[in-house]
Each structure stands twice: as structure tokens, then as C-alpha cells.
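Welcome, and please open your viewer. We will go from stop to stop, selecting a few residues each time and looking at what is there.

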Amino acid sequence: VVLGAEGAGVSDRFKEAADRLVYLPLSGFAESLNVSVAAALVVQLLLQLYARARPQELSLPADEMRSLRADWYAKLARGDDEKESYERR
């Protein structure tokens with residue numbers, strides 16, 4: 001994946017070497033996207049497509065998922081009440 005800045009874009013050499021050129025459509029009041037926003041949108045879409053094609057490769061075992069979730073909730077809680085609330089989930 002090669003992304004170009006709004007002004008200069010991607011060089012002709014890169015375009016000629018590419019298998020496919022993709023342009024992100026804009027709607028609403030936006031006239032352009034920051035290249036980091038465009039990168040985030042492209043990566044998100046690629047991950048979604050990959051997850052549909054190979055769901056078993058992106059899934060976590062249930063015990064690992066519970067462990068990660070418990071760790072996250074412990075860090076997220078701002079007090080004992082919130083921690084208890086998260087633990088019940």
C-alpha cells in the first residue's frame with residue numbers, strides 16, 4: 001500500500017508499477033483527507049476483508065480473551081466501584 005500526500009500525490013513511477021490504483025471518495029463538506037486518516041481507513045478496510053477471508057487466524061482463544069479483557073478493565077477503572085462493575089461483565 002502506497003499513499004500519497006494531497007499536493008504531490010503518488011509519483012507516476014509508483015502508479016505505473018501498481019497492480020491497482022484506489023481512490024477514496026469524499027462526501028459531505030470534506031475536500032480532502034489527511035494522509036494519516038486515509039491510511040487508517042485503508043488499513044481498517046484491509047483488516048475487515050482479511051477477517052472475513054480468514055476468521056480463524058484473527059480469533060483469540062476464550063481464556064486469552066477473558067484475560068485481556070480483565071486486564072483492560074482493571075486499567076480502565078477509576079475506582080473500586082467501576083472495577084467491580086467491569087468484573088461483572
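Start by selecting Leu 49, which lies in helix H2, residues 35-53. Helices here are DSSP runs of H or I with at least four residues, strands are runs of E with at least two, and both are numbered from the N terminus. Leu 49 is partly exposed, at 43% relative accessible area. On this scale, buried means under 20% relative accessible area, exposed means over 50%, and partly exposed is in between, with a 1.4 Å probe and protein chains only.

Before moving on, a word about the model. It is a predicted one, in which local features need pLDDT of at least 70 and side-chain atom pairs count only at pLDDT 80 or more, while totals for chains, interfaces and linings use all residues. Residues are numbered from 1 along each chain as its sequence is written, and side-chain values use heavy atoms, with hydrogens and water left out.

**The nonpolar patch**

Keep Leu 49 selected and add Val 1, Leu 3, Val 35, Leu 45 and Leu 46: together they make a nonpolar surface patch of about 550 Å². Patches are built from residues with over 30% relative accessible area and no salt bridge; like charges are joined within 9 Å, and nonpolar side chains (Val, Leu, Ile, Met, Phe, Trp, Tyr) within 5 Å. The areas come from the Shrake-Rupley method with a 1.4 Å probe, and for residues only the protein chains shown count as cover.

**The whole chain**

Now zoom out and colour by secondary structure. How many helices and strands does the chain have? There are five helices and zero strands, and from the N terminus on the elements run α-α-α-α-α. The radius of gyration is 20 Å, well over the 12 Å that the globule rule gives for 89 residues, so the chain is more spread out than a compact globule. That radius is taken over C-alpha atoms, and the rule is 2.2 Å times the number of residues to the power 0.38. Along the principal axes, the C-alpha atoms fill a box of roughly 55 × 35 × 20 Å. Buried residues make up 6% of the 89 residues.

**Three distances to try**

Next, select Ala 5, in the segment before helix H1 (12-17). Ala 5 is partly exposed, with a relative accessible area of 45%. Draw a C-alpha to C-alpha line from Ala 5 to Ala 38: they are 33 residues apart along the chain and separated by 9.8 Å.

Move on to Lys 15, in helix H1, which counts as partly exposed at 36% relative accessibility. From Lys 15 to Leu 41 the C-alpha distance is 20 Å, with their positions 26 residues apart in sequence.

Then pick Asp 19, in the loop between H1 and H2. Is Asp 19 buried or exposed? At 83% relative accessibility, Asp 19 counts as exposed. Its C-alpha atom is 16 Å from that of Val 42, 23 residues away along the chain.

**The salt bridges**

Show side chains as sticks for this part. A salt bridge here is a side-chain nitrogen of Lys or Arg within 4 Å of a carboxyl oxygen of Asp or Glu, and the count comes to three.

- Select Arg 54 and Glu 57, whose side chains meet at 3.2 Å, N to O. Arg 54 is partly exposed at 40%, and Glu 57 is partly exposed at 42%.
- Select Asp 71 and Lys 75, where the closest N and O atoms are 3.2 Å apart. Both lie in helix H4 (residues 62-76), four residues apart, about one turn of the helix. Asp 71 is partly exposed at 38%, whereas Lys 75 is exposed at 62%.
- Select Arg 78 and Glu 82, which meet at 3.0 Å, N to O. Arg 78 is exposed at 74%, while Glu 82 is partly exposed at 24%.

**The negative patch**

For the last stop, select Glu 87 in helix H5, residues 80-87. Glu 87 counts as exposed, at 55% relative accessibility. Which residues form a negative surface patch with Glu 87? Add Asp 80, Asp 81 and Glu 84 to see it. Asp and Glu count as negative and Lys and Arg as positive, with His and the chain ends not counted. Each charge is placed at NZ of Lys, CZ of Arg, CG of Asp or CD of Glu.
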